[in-house]
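Q: I would like to learn how to read a structure of this kind, feature by feature. Please show it to me first.

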Amino acid sequence: PAPRAYTPHVTICYLPRRQFLDSVLAFQQSRNLFTVPSWTADRFYLYASRTNGAGPSRYSIEAEYPLVG
(Lines give C-alpha, C1' and ligand atoms only; values in the text may rest on other atoms or scores of the structure.)
Protein backbone atom coordinates (compact mmCIF):
# COMPACT_ATOMS: atom_id res chain seq x y z
CA PRO A 1 0.00 0.00 0.00
CA ALA A 2 1.02 3.58 -0.64
CA PRO A 3 2.34 5.41 2.44
CA ARG A 4 0.14 8.45 1.80
CA ALA A 5 -3.56 8.83 2.54
CA TYR A 6 -5.95 7.84 -0.25
CA THR A 7 -7.47 10.80 -2.10
CA PRO A 8 -10.40 9.93 -4.40
CA HIS A 9 -10.29 11.83 -7.69
CA VAL A 10 -11.31 11.79 -11.33
CA THR A 11 -8.54 11.98 -13.92
CA ILE A 12 -9.52 14.18 -16.84
CA CYS A 13 -6.21 14.30 -18.63
CA TYR A 14 -2.71 12.93 -18.12
CA LEU A 15 0.16 15.17 -19.18
CA PRO A 16 3.60 13.59 -19.06
CA ARG A 17 5.19 17.03 -18.84
CA ARG A 18 3.82 20.33 -17.57
CA GLN A 19 4.97 22.09 -20.76
CA PHE A 20 2.09 20.44 -22.67
CA LEU A 21 -0.50 22.30 -20.57
CA ASP A 22 -0.38 25.42 -22.79
CA SER A 23 -1.02 23.27 -25.88
CA VAL A 24 -3.98 21.56 -24.21
CA LEU A 25 -5.47 24.87 -23.09
CA ALA A 26 -5.05 26.37 -26.58
CA PHE A 27 -6.71 23.31 -28.13
CA GLN A 28 -9.59 23.55 -25.68
CA GLN A 29 -10.08 27.28 -26.25
CA SER A 30 -10.05 26.89 -30.06
CA ARG A 31 -12.95 24.45 -29.79
CA ASN A 32 -15.00 26.13 -27.08
CA LEU A 33 -18.08 26.19 -29.30
CA PHE A 34 -18.07 22.41 -29.69
CA THR A 35 -21.35 20.83 -28.64
CA VAL A 36 -22.63 17.29 -28.57
CA PRO A 37 -26.15 16.00 -28.39
CA SER A 38 -27.38 14.93 -24.99
CA TRP A 39 -27.01 11.27 -24.12
CA THR A 40 -27.98 8.92 -21.33
CA ALA A 41 -25.46 6.85 -19.42
CA ASP A 42 -26.59 3.27 -18.88
CA ARG A 43 -23.57 2.11 -16.85
CA PHE A 44 -20.36 3.25 -15.27
CA TYR A 45 -17.09 1.51 -14.52
CA LEU A 46 -14.77 1.43 -11.55
CA TYR A 47 -11.17 1.64 -12.78
CA ALA A 48 -7.92 0.93 -11.00
CA SER A 49 -4.80 2.81 -11.99
CA ARG A 50 -1.38 1.36 -11.56
CA THR A 51 1.79 3.36 -11.99
CA ASN A 52 5.24 2.06 -12.67
CA GLY A 53 6.98 5.36 -11.92
CA ALA A 54 8.34 5.70 -15.45
CA GLY A 55 5.29 6.70 -17.46
CA PRO A 56 1.55 7.07 -17.57
CA SER A 57 -0.68 4.99 -15.37
CA ARG A 58 -2.18 1.76 -16.65
CA TYR A 59 -5.92 1.53 -16.14
CA SER A 60 -8.02 -1.60 -15.80
CA ILE A 61 -11.73 -2.08 -15.23
CA GLU A 62 -12.40 -3.53 -11.79
CA ALA A 63 -16.22 -3.53 -11.90
CA GLU A 64 -19.15 -2.50 -14.08
CA TYR A 65 -22.27 -0.94 -12.57
CA PRO A 66 -25.44 -0.83 -14.70
CA LEU A 67 -27.68 2.18 -14.13
CA VAL A 68 -31.26 0.95 -14.00
CA GLY A 69 -34.37 3.03 -13.73
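Q: In which segment is valine 68 found?
A: Valine 68 is found in the segment after E2. Elements such as E2 are DSSP runs numbered from the N terminus, with helices (H or I) of at least four residues and strands (E) of at least two. This is a predicted model, in which local features need pLDDT of at least 70 and side-chain atom pairs count only at pLDDT 80 or more, while totals for chains, interfaces and linings use all residues. Residues are numbered from 1 along each chain as its sequence is written, and side-chain values use heavy atoms, with hydrogens and water left out.

Q: Is valine 68 buried or exposed?
A: Relative accessible area decides this: buried means under 20%, exposed over 50%, and partly exposed in between, with a 1.4 Å probe and protein chains only. Valine 68 has 80% relative accessibility and therefore counts as exposed. The C-alpha atoms of valine 68 and isoleucine 12 are separated by 26 Å, with the two positions 56 residues apart along the chain counted as their separation.

Q: What is the secondary structure of the protein chain?
A: The protein chain has one helix and two strands. Along the sequence the pattern reads α-β-β. The radius of gyration is 17 Å, well over the 11 Å that the globule rule gives for 69 residues, so the chain is more spread out than a compact globule. That radius is taken over C-alpha atoms, and the rule is 2.2 Å times the number of residues to the power 0.38. The C-alpha trace spans about 45 × 45 × 20 Å along its principal axes. Of the 69 residues, 3% count as buried.

Q: Which element of the protein chain has the lowest mean pLDDT, and which the highest?
A: pLDDT is the predictor's confidence in each residue, from 0 to 100. Among the elements, H1 has the lowest mean, 84, and E2 the highest, 93. For the protein chain the mean is 83, and 99% of the residues reach 70 or more.

Q: How many aromatic pairs does the structure hold?
A: A pair of aromatic rings is described by the distance of the centres and the angle of the planes. Rings of Phe, Tyr and Trp (its six-membered ring) pair if their centres lie within 6.5 Å; planes under 30 degrees apart count as stacked, over 60 as edge-to-face and the rest as tilted. The structure holds two such pairs. Phenylalanine 44 and tyrosine 65 are stacked, at 5.1 Å centre to centre with 25° between the planes. Phenylalanine 44 lies in strand E1 (residues 43–50) and tyrosine 65 in strand E2 (residues 58–66), so this pair ties together parts that are 21 residues apart in sequence. Tyrosine 45 and tyrosine 47 have ring centres 6.3 Å apart and planes at 65°, so their pair is edge-to-face.

Q: What is the relative accessibility of tyrosine 45?
A: Tyrosine 45 is at 33% and counts as partly exposed. Its partner tyrosine 47 is partly exposed at 48%. In the stacked pair, phenylalanine 44 is partly exposed at 45%, and tyrosine 65 is partly exposed at 37%.

Q: Where does alanine 48 lie?
A: Alanine 48 lies in strand E1. With a relative accessible area of 17%, alanine 48 is buried. The C-alpha atoms of alanine 48 and arginine 58, 10 residues apart along the chain, are 8.1 Å from each other.

Q: Which residues lie nearest the centre of the largest pocket?
A: Rolling a probe the size of a water molecule over the atoms shows where empty space is left. On a 1 Å grid over the protein atoms alone, a pocket is an open set of points where a 1.4 Å probe fits, with protein on both sides within 12 Å along at least five of seven lines; lining residues have an atom within 4 Å of a point. His9, Thr11, Tyr47, Ser49 and Tyr59 lie nearest the centre, out of 19 lining residues. E1 gives the largest share of the lining, six residues. The space in this pocket is about 680 Å³, a volume being what is filled by probe spheres set on the points.
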